[in-house]
Amino acid sequence: MNQHEALKQYVLRQGDSALILAQRLCEWCGHAPELEIDLALSNIGLDLLGQARNFLAYAATLSGTEFDEDKIAFLRDEREFCNLLLVEQPNGGFNDTLVRQFFMDAYHVPLYQALIHSADEQLAAIAEKSLKEVLYHLRFSRNWMIRLGDGSEESHRRIQQSVDQLWRFTGELFHADEVEITLAEVGIAVDPRTLREQWLETITETFAQATLTMPEQNAYRLGGKQGSHTEHLGLILTELQFVQRAYPNCEW
């Protein structure tokens with residue numbers, strides 16, 4: 001794989017993960033357990049949507065003049081998406097959404113901290129802007145993890161259950177393939193294996209304060225970055241892409 005194709009794929013991965021996670025969070029609009037959380041999840045979703053637009057617009061410039069961010073988002077099929085499996089998992093209860101978000105926030109912070117030093121100026125600029133947002137995201141999700149994990153017996157049970165269910169998807173965050181290794185060697189991308197220690201430190205410290213137990217199972221689910229997804233992504237895209245698919249090239 002040449003460097004240009006690797007860069008395009010890498011940028012798509014970042015944009016797709018942000019896009020799908022934004023879609024999941026915005027599903028909570030009007031349905032969250034309290035108004036403060038409703039607004040917070042919607043705002044975080046909008047932040048992620050902005051990040052997705054920046055990445056996908058860059059991917060469009062790398063793909064050729066016939067592409068733009070809208071076509072990339074709305075006209076690709078399921079197997080063409082390369083988001084992480086974790087972000088496509090169902091919202092479930094607030095406990096499931098919270099744990100999913102916390103795992104991703106704890107990953108995004110070291111990722112963007114490293115990407116601001118990328119040799120690719122566009123990637124570095126997107127990372128610098130995004131870092132300011134994900135630092136807030138992590139503060140929000142971490143505080144709620146502690147509040148509910150160290151809260152009532154019921155809230156603790158639910159958070160621990162979500163941790164145990166979603167843990168198997170976290171290994172993919174740090175799985176490196178040819179795309180990432182190729183770009184990391186020339187200082188463009190971040191080798192995800194180098195992010196695991198900082199991520200695990202955040203997880204461990206938070207779990208200690210939240211009185212949560214680290215799962216014993218291995219984090220084994222992989223394939224999202226290569227286009228192999230769970231059954232949930234197709235349902236997300238059905239809703240996300242409906243208007244564009246039903247009314248091609250429509251203008252408002």
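## Exercises on a predicted all-helix chain

L7 is buried, its relative accessible area being 9%. Keep that residue in mind; the model is a predicted one, and we'll work through it from L7 outwards.

**Exercise 1.** Find out where L7 sits and which residues it is in contact with.

*Solution.*
- Start with the element: L7 belongs to helix 1.
- Next, check the cover. Buried means under 20% relative accessible area, and L7 has 9%, so L7 counts as buried.
- Now list the partners, skipping neighbours within four places in sequence: L7 is in contact with Y58, L62, D120, L123, L183 and I188.
- For a pair that is far apart, try T206: it is 199 residues from L7 along the chain, and the two C-alpha atoms are separated by 34 Å.

**Exercise 2.** Work out which residues of helix 7 are buried, and what they pack against.

*Solution.*
- Helix 7 covers residues 178–185, and its buried residues include V179, E180 and L183.
- Look down the helix axis: the buried residues fall within an arc of 90°, so they line one face of helix 7.
- Then ask what that set packs against: the partner is helix 1, residues 3–26.
- This ties back to the previous exercise, since L183 is among the contacts of L7.

**Exercise 3.** Describe the backbone and the exposure of T211.

*Solution.*
- Place it: T211 is in the loop between helix 8 (196–210) and helix 9 (232–240).
- Check phi: the angle is near 55°, a positive value in a residue other than glycine.
- Check exposure: the relative accessibility is 40%, so T211 counts as partly exposed.

**Exercise 4.** Decide whether the radius of gyration of the protein chain agrees or disagrees with that of a compact globule, and then sketch the chain as a whole.

*Solution.*
- Count elements: there are 10 helices and 0 strands in the protein chain.
- Apply the globule rule: for 252 residues a compact globule would have a radius of gyration near 18 Å, and the protein chain has 18 Å, so the two agree.
- Add the extents: along the principal axes, the C-alpha trace spans about 55 × 45 × 30 Å.
- Look at burial: 54% of the 252 residues are buried.
- Look at contacts: among those with a separation of 6 or more, 79% come from residues 24 or more positions apart.
- Turn to the surface: about 11900 Å² is exposed, with carbon and sulfur atoms supplying 51% of it.
- Finish with charges: the protein chain has 21 positive and 38 negative ones, and their mean positions are 2 Å apart.

Conventions
Residues are numbered from 1 along each chain as its sequence is written. This is a predicted model: local features need pLDDT of at least 70, side-chain atom pairs count only at pLDDT 80 or more; totals for chains, interfaces and linings use all residues. Side-chain values use heavy atoms; hydrogens and water are left out. Helices (H or I, at least four residues) and strands (E, at least two) are DSSP runs, numbered from the N terminus. The radius of gyration is taken over C-alpha atoms; the globule rule is 2.2 Å times the number of residues to the power 0.38. Buried means under 20% relative accessible area, exposed over 50%, partly exposed in between (1.4 Å probe, protein chains only). Contact means heavy atoms within 4.5 Å. Accessible areas come from the Shrake-Rupley method with a 1.4 Å probe; for residues, only the protein chains shown count as cover. Lys and Arg count as positive and Asp and Glu as negative; His and the chain ends are not counted. The place of a charge is taken as NZ of Lys, CZ of Arg, CG of Asp or CD of Glu. The arc is that of the directions from the helix axis to the C-beta atoms.
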